[in-house]
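The exercises below ask you to work through a two-chain model by way of its backbone angles, helix faces, strand pairing, chain contact and charged pairs. Please inspect the sequence and the coordinates before reading each solution.

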Amino acid sequence: MASTAIPGTHIFDGAAARKGYALNAMCFSFNEAANRDAFLRDEDAYCARFGLTAEQRDAVAKRNVLAMMAAGGNIYYLAKLAGIFGLNVQDVGAQQTGMTVDAFKQMLLDNAAAIPTKEMAHG
Amino acid sequence: MAKVIGGVFTSHVPAIGGAIHRGAQNEPYWKPFFDAWPPVREWLGEQVPDVVIMFYNDHGLNFFLDKMPTFAIGAAAQYRNEDEGWGLPPFPVPPGHPELSWAIIEKLVAEEFDITTCQDMLVDHAASIPLALAWPDREAPVKIVPIAINTVQHPLPSAKRCLALGRAVGKALAEWQGDETIMVMGTGGLSHQLDGERAGFMNPEYDLFCMDNLSADPDALTRHSVHEIVELSGTQGVEILNWIAARGALGDKVHEVSRSYHIPISNTAAAVMVLETEAARAAGNAGAEKTAELA
């Protein structure tokens, strides 16, 4: 990227799309319930079927979202994997920011304090 | 001649679908968001659109990274919503309008947009949830033309290009010879970021800038590059591109009918806006005068 990096932010660009293809393909398959069940039945075999790289397989085994992203995972696809473990985007956000889920949720609520007062009039 | 009445702009967070399925609309967490909708439905009740041009982005239901179109136009007679990985029941999706789809496709290509056409297309929560919010508890009584913009895999189209796309769609609607009442929807945003160490980021100041300028000066929203929009709005806040494109289809002058802004819904700063065109405003005033006379 020619532009300045944005702290804490990973742009899902061509390099990431190439690197993450196998992992994202596996996550895309989780749109089907039968595939989610197959993953839960035999995670190793399911990951092998999609040819995950060692880095991707390790990140999935550790349920580590930042590591999955470093391995090219895209959050929209990873959200389908997270769903298999019953994790929502607050759980995923908490893990990535190193916060407890409660603290992360509080941070989301606290963002409301930054709404300019002019806007409050609109409800 | 067809009439373009305006647009409904809204966040499309999947959790909204979950709240609808649970009947949680009146819970304290959800009420501020759902309270935005009665005025929207009132406006829809007055204007009675029968076609929705839906500007949205797919999140990995219809499109995977094997083929990722920058702009994809639905041209199907039927669309479906399906399981997106979380096992939620699919929402009903109204039928398509293939004739209007092809008129838009013809116009866009004539205007030198190199688009993808889709005769078989799943539409995800970004299209189905806004329709379910506008017309709850039933299939929306409209036909739809879905227009999917890539907001997932960079490089994304610029805000300027999205506004131009919307304006070209607006030209196609102006030339359309049908007698439909047409509205647009622009879905997604506002500021949010799901991924990375900055997850949870929101920016009310930027969101307010977008909402304040959407009606009168949408070009103001195109002065930021996609990279700058990501910085200001979050990695997923870049879905504002869908709003910008939808706004483009409405012509130069529109009026703000309603606006709601609430933090947070899930990880997102949620917003709902209605903008109406001059034509719709004139018709609305005429209708109001007629009602006054009758009273």
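**Exercise 1. Locate Val48(B), and state whether it is buried or exposed and what sign its phi has.**

Step one is the location: Val48(B) sits in the loop that runs between H3 and strand S2 (51–56) of chain B, where helices (H or I, at least four residues) and strands (E, at least two) are DSSP runs numbered from the N terminus. Since this is a predicted model, local features need pLDDT of at least 70 and side-chain atom pairs count only at pLDDT 80 or more, whereas totals for chains, interfaces and linings use all residues. Residues are numbered from 1 along each chain as its sequence is written, chains are lettered from A and ligands numbered from 1 in the order in which they are written, and side-chain values use heavy atoms, with hydrogens and water left out.

Step two is the accessibility: Val48(B) has a relative accessible area of 52% and is therefore exposed, given that buried means under 20% relative accessible area, exposed over 50%, and partly exposed in between (1.4 Å probe, protein chains only). Step three is the backbone: the phi of Val48(B) is near 45 degrees, a positive value in a residue other than glycine.

**Exercise 2. Determine which residues of helix H3 (residues 37–47) of chain B are buried, and how they are arranged about the axis.**

The buried positions are Trp37(B), Val40(B), Trp43(B), Leu44(B) and Gln47(B). They cover an arc of only 120 degrees around the axis, so they lie on the same side of H3(B); the arc is that of the directions from the helix axis to the C-beta atoms. The other side of H3(B) carries Glu42(B), Gly45(B) and Glu46(B), which are exposed.

**Exercise 3. Carry out the analysis for helix H5 (residues 54–61) of chain A, and find what covers its buried residues.**

In H5(A), the buried residues are Gln56(A), Arg57(A), Ala59(A) and Val60(A). Viewed down the axis of H5(A), they fall within an arc of 165 degrees, and so they line one face of the helix. The cover over these residues includes helix H1 (14–19), helix H2 (21–29), helix H3 (33–41), helix H4 (43–49), helix H6 (65–70) and helix H7 (75–84) of chain A, with contact taken as heavy atoms within 4.5 Å. H5(A) is followed by Arg63(A), whose phi is positive, near 55 degrees, and Arg63(A) counts as partly exposed at 29% relative accessibility.

**Exercise 4. Describe the surroundings of strand S3 (residues 71–74) of chain B.**

Begin with the side chains: Phe71(B) and Ile73(B) point one way, Ala72(B) and Gly74(B) point the other way, and all are buried. Then take the pairing, for which DSSP must find at least two bridges between two strands. S3(B) pairs with strand S5 (residues 143–149) of chain B in the antiparallel sense over three bridges, where Phe71(B) has Ile149(B) as its bridge partner. With strand S4 (residues 116–118) of chain B, S3(B) pairs in the parallel sense over three bridges, and there Thr117(B) is the bridge partner of Ile73(B).

**Exercise 5. Characterise the contact between chain B and chain A.**

Count the residues, then the area: the contact takes 42 residues from chain B and 48 residues from chain A, and the area buried between the chains is about 4000 Å², of which carbon and sulfur atoms give 61%. Buried area here is the accessible area (1.4 Å probe) that two parts lose on being put together, summed over both. Phe64(B), Glu197(B) and His227(B) supply 17% of the area that chain B buries against chain A, more than any other three residues.

Finish with the charges: the count between the chains is one salt bridge, a salt bridge being a side-chain nitrogen of Lys or Arg within 4 Å of a carboxyl oxygen of Asp or Glu. Asp83(B) forms a salt bridge with Arg36(A), with the closest N and O atoms 2.8 Å apart.

**Exercise 6. Which residues form salt bridges with Lys107(B)?**

Glu111(B) forms one, its closest N and O atoms being 3.8 Å apart, and Glu175(B) forms another, at 2.8 Å. Glu175(B) lies in helix H6 (residues 159–175) of chain B and Lys107(B) in helix H4 of chain B, so the pair ties together parts that are 68 residues apart in sequence. At 15% relative accessibility, Lys107(B) counts as buried, whereas Glu175(B), at 46%, counts as partly exposed.
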